[in-house]
Amino acid sequence: MVVAILALLGLLVSLYMLAYALGLAGSLICKVGDCEAVQASPYSRLGPIPVAAFGVAGYLVLMGVSLFGLQPASKGSRFVPLALLGGGVLGLIFTAYLTYLEAYVIHAWCQWCISSAVIMVLAFVASIPEVRRFSSSS
């Protein structure tokens, strides 16, 4: 349930950033850092796709897997803990890359990006007990 809640929070942050990237939101609400500089950088897109769209997709997958894991039918499933861990690892790698870009290439920070990074780290940490629980029952 913790991963599902964190994924929902991450999804909301990513949706806000995606709405901005698609021109559906006005100026960014940014009290800390320089979100506009980060979002205007060439690193805010992978080709034509806003980075926030990858966040939306990733958080949706994490939320879906974690909600599936709460169902009685998934009890004892190898898929749920491994998918949560795998998704968490991929999310951490992508987050680390984006945080590196903010710090060393763009030289600006976005409070929404940092919020998403913290959420992803917490979701990964919350998935670890599921893997331990699975491996101890096998």
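Lys and Arg count here as positive and Asp and Glu as negative, while His and the chain ends are not counted. Each charge is placed at NZ of Lys, CZ of Arg, CG of Asp or CD of Glu. On that basis the protein chain carries 6 positive and 4 negative side chains, and the centres of the two sets are 18 Å apart.

This is a predicted model, in which local features need pLDDT of at least 70, side-chain atom pairs count only at pLDDT 80 or more, and totals for chains, interfaces and linings use all residues. Residues are numbered from 1 along each chain as its sequence is written, and side-chain values use heavy atoms, with hydrogens and water left out.

**Overall layout**

The protein chain has 5 helices and 2 strands. Both are DSSP runs numbered from the N terminus: helices are H or I with at least four residues, strands E with at least two. Along the sequence the order is α-α-β-β-α-α-α. The C-alpha atoms fill a box of roughly 50 × 30 × 30 Å along the principal axes.

Contact means heavy atoms within 4.5 Å. Among contacts between residues at least 6 apart in sequence, 71% join residues at least 24 apart.

The chain exposes about 7900 Å², and carbon and sulfur atoms supply 72% of that area. Accessible areas come from the Shrake-Rupley method with a 1.4 Å probe; for residues, only the protein chains shown count as cover. Buried means under 20% relative accessible area, exposed over 50%, and partly exposed in between. Of the 138 residues, 36% are buried.

**The core**

A nonpolar core is a set of buried Ala, Val, Leu, Ile, Met, Phe, Trp, Tyr and Cys residues joined through side-chain atoms within 4.5 Å. The largest one holds 26 residues, and Tyr-59, Leu-62 and Leu-84 touch the most other members. Helix 1 (2-21), helix 2 (35-40), helix 3 (51-69), helix 4 (79-106) and helix 5 (111-137) each supply at least two residues of this core. Helix 1 gives the most, with 8 residues.

What does Leu-62 touch? Leaving aside residues up to four places away in sequence, its contacts are Val-3, Ala-7, Leu-84, Gly-87, Gly-88, Met-120 and Ala-123.

**Two helices**

The expected span of a helix is 1.5 Å times one less than its number of residues. Helix 1 has 20 residues and should span 28 Å; its end C-alpha atoms are 28 Å apart, which agrees. Helix 3 has 19 residues and reaches 27 Å from first C-alpha to last, close to the expected 27 Å.

Buried residues of helix 1 include Val-3, Ala-7, Leu-11 and Leu-18. In helix 3, Val-51, Gly-55, Tyr-59 and Leu-62 are among the buried residues. An α-helix has 3.6 residues a turn, so residues three or four places apart point the same way. Just after helix 1, Gly-23 takes a positive phi of about 80°.

**Three residues**

| Residue | Location | Relative accessibility |
|---|---|---|
| Ser-14 | helix 1 | 5%, buried |
| Gln-39 | helix 2 | 17%, buried |
| His-107 | loop between helix 4 and helix 5 | 61%, exposed |

Not counting residues up to four places away in sequence, Ser-14 touches Ala-52, Gly-55, Val-56 and Tyr-59. With that same exclusion, Gln-39 touches Met-17, Tyr-20, Leu-28, Ser-44, Cys-110 and Cys-113. His-107 has a positive phi of about 60°, although it is not a glycine.

Definitions and conventions: Buried < 20%, exposed > 50% of the residue type's maximum accessible area, 1.4 Å probe, protein only.
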